[in-house]
Amino acid sequence: MKMKQFNLLSLFLILITFFGSANSTIVSHDERAITIDGQRRILLSGSIHYPRSTSDMWPDLISKAKDGGLDTIETYVFWNAHEPSRRQYDFSGNLDLVRFIKTIQSAGLYSVLRIGPYVCAEWNYGGFPVWLHNMPNMKFRTINPGFMNEMQNFTTKIVNMMKEESLFASQGGPIILAQIENEYGNVISSYGAEGKAYIDWCANMANSLDIGVPWIMCQQPHAPQPMIETCNGFYCDQYKPSNPSSPKMWTENWTGWFKNWGGKHPYRTAEDLAFSVARFFQTGGTFQNYYMYHGGTNFGRVAGGPYITTSYDYDAPLDEYGNLNQPKWGHLKQLHTLLKSMEKPLTYGNISTIDLGNSVTATVYSTNEKSSCFIGNVNATADALVNFKGKDYNVPAWSVSVIPDCDKEAYNTARVNTQTSIITEDSCDEPEKLKWTWRPEFTTQKTILKGSGDLIAKGLVDQKDVTNDASDYLWYMTRVHLDKKDPIWSRNMSLRVHSNAHVLHAYVNGKYVGNQIVRDNKFDYRFEKKVNLVHGTNHLALLSVSVGLQNYGPFFESGPTGINGPVKLVGYKGDETVEKDLSKHQWDYKIGLNGFNNKLFSLKSANHHQLKWSTEKLPADRMLSWYKANFKAPLGKDPVIVDLNGLGKGEVWINGQSIGRYWPSFNSSEDGCTEECDYRGEYGSDKCAFMCGKPTQRWYHVPRSFLNDKGHNTITLFEEMGGDPSMVKFKTVVTGRVCAKAHEHNKVELSCNNRPISAVKFASFGNPSGLCGSFAAGTCEGAKDAAKIVAKECVGKLNCTMNVSSHKFGSTNLDCGDSPKRLFVELEC
Ligand code: GAL
């Protein structure tokens, strides 16, 4: 009897173990790598932030990431988007986190869930809700009971949501790692002893949630155990985890950089990015994530800052619209395939390094079965010709050669064979001319004349404390009685405002006095303008505008926003200056603007307000104005953009959904752009830029899912500064041209991204030169007509692949010199 019982019990246990293990994956780590079911792994990951695209885009983005050779997708979780008001949650539409993780799962990829909930990420307020800041006795990211309670509440909520759907690898799901906090190591010293206590608490709290997979802490040297600390930056080859049992992991390899209003368009070369990745794996790294792999769009008011643009393209391998950003995507894909093929030696092999002199190092990873090698040249200018294991290798400056079998170079980070795609706006169909209607923000001058608001306070208040960030706009209004005897009177009187408003508009007695915007990161400035005052009551109305709340730095949550004063009237009388400080006066505050409060952008309210929209005397350059027009969606499937050239600054809605803030009137400075950026030498965020002296952002992404294919679509604009909507146009973005500069003994793949290749503009095999768009043949050329060969292989097709060889293009009559032969091609799409 006893025996029988035992048998039944053991059968039961076997069944449990069987089903348990069939469903679950054991993720762990040792000093070398993350291990999955006991196997050390090379993990290639990319960040895609679900709210920066729309849910219908996710499957395509994820499948392009997989096709690009990634096995993992990283995302942050955005607290203020999910909990806009305390204990009121939103996981709908493009905030459907569970659906996003399941999309990753169905593509067969792993996922890294960076809960934060502080995320930075150029996201409004770093991901924190502003209501949290407005709770009594609140202090973020330190030992503060209120904060810790809310952080734990949100983190637990997210973990439970994942658990309920069995999304952790321990439950058979795709999530192999989770992150708590973010980059606290950068600021911990500002928090004194409480900083250390806080990060210990974070680790304990996270651990207690029992997710069954390891937790990571990004940029957190000496992370409390068992948290795994990780690196971020443009390079992490020199990084060594301070805990010797932590593997060398890179959570953020910055693929480019973000944009600020008034800034240029930064980019990072494919050569340098590939170099940083190859160096990382050469020096013992095993987990690497691209931040961003797809940057996307800051829809609505999610952009952080201050001053982060609506586009968050980031020059990532997938562009804002989800197109392949070539050559970056393809050049990395080739590297990924090779790294994966070297997984065993890289994670289990013995490592030996050989100094080949002049900053050139070879690294050999060897197991009994297989050896894999790298030769890295970190010299920023000198190319190297080295002999390694009896063979000569030409390793250009700032590059790594990957030699999977230690015998033949399969890839060099500086030799790009992938095509460059030039994305253009499609001008096939002349875009329709829009018929606009308009209405002013306020029909009477009442607000700014008589200043009645939502609340009254003595003195000046901080903008976010009053608005809870429900709006970018806050009116500060006061009145001041000046009798004839007031000492201030003079011919020369002015209004002086010390301000932290990102934009300030000032009115006195209903008349516009002027504005000031933050430039060159000077967020604390003095506005002063001459004003006309009257005997009796004078009305002052100051409109403070925020353009994304700060997302980084110690105590960033308490940085000033709005008009913190003093606000003064100043009378100049010869040498004498008389000041009247209004800062302690009674001020009236009005949150938001009428049009926003009445939802003029919403389709539902359209009828209600129809009468007030006018087709007459459409103004250009009129401040605080609303514009509306109907339009037809561009046909097809190509991504849609709206060209807002001619407008000033404001917000734009498509069928009631905000696609973000716009500010095309803000040009970047003229200097600092180069036609071609030298990939060699250390990259920094302002090393390579284009679009100097041009609007920081002229084109805005209109997701297809916001549009009705058939019937009418509506665009609504709120124009704050004054602009001319007559040039606004909807277009699609397509691959217009492609260029390639492939090296001999490689294959070149050419494609116009779902459109047929229409013509060959240039082709030469030999030693051609120049930049895409102005290629020129060199002194030597293959005997066969390259243009004819390429035309035959490619024109009329969606893609074509050719060997770059003398066999294909003919031997060169003249000696091409020392440099190996190349094929330069330019195709028209
Ligand atoms: C990192 C941060 C990211 C992002 C990045 C810059 O330090 O962790 O969230 O802000 O900088 O794009």
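Q: Which residues surround the ligand most closely, and how many surround it in total?
A: The model is predicted; local features need pLDDT of at least 70, side-chain atom pairs count only at pLDDT 80 or more, and totals for chains, interfaces and linings use all residues. A residue is near the ligand if one of its heavy atoms lies within 4 Å of it. Here 15 residues surround the ligand, and the closest are Tyr76, Ala121, Glu122, Glu183 and Tyr314. Residues are numbered from 1 along each chain as its sequence is written, and side-chain values use heavy atoms, with hydrogens and water left out.

Q: Which atom of the ligand does the side chain of Tyr76 approach?
A: A polar contact is a pair of N or O atoms within 3.5 Å. An N or O atom in the Tyr76 side chain is 2.7 Å from an oxygen atom of the ligand. Ala121 uses a backbone N or O atom, 2.8 Å from a ligand oxygen.

Q: How much of the ligand's accessible area does the protein cover?
A: Accessible areas come from the Shrake-Rupley method with a 1.4 Å probe. On its own the ligand has 310 Å², and the protein covers 95% of that.

Q: In what order do the strands close into a barrel?
A: Strands of a sheet pair through backbone hydrogen bonds, either parallel or antiparallel. Strands are DSSP runs (E, at least two residues), numbered from the N terminus, and two strands pair if DSSP finds at least two bridges between them. In this model 8 strands close in the order β4-β5-β6-β7-β8-β9-β10-β12, with parallel pairing.

Q: How many bridges join β9 to β10?
A: 3 bridges join β9 (residues 228–233) to β10 (residues 249–254). Asn232 has Glu252 in β10 as its bridge partner.

Technical notes
Helices (H or I, at least four residues) and strands (E, at least two) are DSSP runs, numbered from the N terminus. A polar contact is a pair of N or O atoms within 3.5 Å; within protein, one must be able to donate a hydrogen and the other to accept it, and residues adjacent in sequence count only if both atoms are side-chain atoms.
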